[in-house]
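Hi everyone, thanks for coming. I'd like to walk you through one helix and what sits around it, so have a look at the screen.

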Amino acid sequence: MSDDGQANNGNGRVPSRQRRRFPGISSRAYEHPADRSALVALRKLSGFDTVFKALSGLLPERSLRLLFLSDSVRVSDQQFAHLNDMLRDACYILDLEKVPPMYVTQDPQPNAMCIGLDEPIIVVTTGLVELLDEEEMRAVVGHEVGHALSGHAVYRTILLFLTNLALKVAWIPLGNLAVLAIVTALREWFRKSELSADRAGLLVGQDLRASMRGLMKIAGGNHLHEMNVDAFLQQAEEYEAGGDLRDSVLKILNVLPRSHPFTTVRAAELKKWAESRDYQRLMDGHYPRRSEDKDTSVSDSFRESAASYASDVKSSKDPLMKLVTDLAGGAGDLGGRVRRGFNGFTSPPSPKDQPPTDAPPRDEE
């Protein structure tokens with residue numbers, strides 16, 4: 001075995017058990033605060049509990065399992081052995097006792113998902129397997145195992161079903177609106193859950209560069225020699241800070257139909273977490289345990305999420321978030337600031353928007 005904890009068994013470099021392991025780790029250790037708050041908001045959505053309970057008994061989970069069993073390749077010691085090694089290694093590192101079944105399905109689009117109601121199953125496409133190298137793929141497998149540990153598979157399955165249902169009932173005005181409201185809330189949560197799963201992938205791979213490369217390849221294909229991590233992260237900076245209020249609105253509209261955050265945003269979020277004190281403490285063995293989950297206060301989690309949102313808004317360079325922060329801080333002239341915002345925050349204010357300075361008092365009539 002080499003110093004970096006990797007061996008060669010005929011299938012190339014495979015994961016080893018020499019990476020740091022996290023016995024009894026709770027998903028709270030890596031979950032993004034926005035993930036938890038979005039899930040709380042989702043559960044409070046009117047009608048969600050009713051829909052959730054109804055769909056839990058109706059969704060064709062057995063059919064899904066049979067479909068993948070019959071028309072995909074199940075990962076095992078005999079098939080895609082290197083992926084099977086990664087899967088078992090990821091479950092070992094995150095201390096997930098039951099290894100979920102994993103399938104490779106023929107699809108040129110790079111993708112992976114963790115679905116299922118009673119028990120999660122992981123599905124990866126051939127496009128993803130062919131795109132990523134061993135280290136990058138390990139981060140993806142860890143990402144999906146993180147979904148399984150967090151219990152995300154249930155909501156992901158419902159999202160898939162409801163998205164399909166929304167298309168079928170589009171001709172029913174009220175029915176469609178009700179379904180779309182839940183689909184929109186589910187998508188908002190799922191985008192945030194992806195940030196959590198990215199962190200789980202880093203905990204499993206323990207190689208930030210590999211995680212970054214994987215996200216770059218998902219964005220730009222297998223052309224690493226043409227790409228640069230720093231330049232890729234700079235795109236995220238420009239995306240957040242650039243433009244005016246019109247661009248802020250367009251960002252919101254662009255992301256609403258998506259199930260995943262934009263790749264540059266995911267890369268920036270992951271790098272920020274990897275450089276944080278929380279990540280270092282976790283790697284040093286200081287993290288919440290599953291045995292403590294039952295004692296965790298929901299209200300405390302929500303307050304933590306709210307504090308994280310407030311901090312993000314305060315530090316954001318997005319024009320809309322800057323306006324919200326200024327107004328919350330007591331800045332006046334809402335109309336003038338909004339007008340200037342839609343013309344670009346870099347534009348100088350017009351004289352009529354500025355309060356008079358040293359102007360002589362006007363004669364009273």
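Let's start at the N-terminal end of helix 9, where aspartate 207 acts as the cap: one of its side-chain oxygens is 3.2 Å from the backbone nitrogen of arginine 209. Quick housekeeping: this is a predicted model, where local features need pLDDT of at least 70, side-chain atom pairs count only at pLDDT 80 or more, and totals for chains, interfaces and linings use all residues. Residues are numbered from 1 along each chain as its sequence is written, and side-chain values use heavy atoms, with hydrogens and water left out.

By helix I mean a DSSP run of H or I with at least four residues, numbered from the N terminus. Helix 9 has 13 residues and spans 18 Å from first C-alpha to last, close to the 18 Å expected at 1.5 Å a residue; that expected span is 1.5 Å times one less than the number of residues. Right after helix 9 comes glycine 221, with a positive phi near 85°.

Which residues of helix 9 are buried? They're Ala210, Ser211, Met212, Gly214, Leu215, Met216 and Lys217, where buried means under 20% relative accessible area with a 1.4 Å probe, protein chains only.

Now for the partner. The axes of helix 6 (residues 134-150) and helix 9 (residues 208-220) come within 8 Å and cross at roughly 90°. That makes helix 6 roughly perpendicular to helix 9, a label used for angles of 65 to 115 degrees. Glu135, Glu136 and Ala139 of helix 6 meet Ala210, Ser211, Arg213, Gly214 and Lys217 of helix 9, contact being heavy atoms within 4.5 Å.

Key: Axes fitted to C-alpha atoms, helices over the stretch in contact; angles between N-to-C directions. Helix = DSSP H or I, 4+ residues; strand = E, 2+ residues; numbered from the N terminus. Parallel < 35°, antiparallel > 145°, perpendicular 65-115°, else oblique. Buried < 20%, exposed > 50% of the residue type's maximum accessible area, 1.4 Å probe, protein only. Polar contact = N/O pair within 3.5 Å; in protein donor to acceptor, adjacent residues only side chain to side chain.
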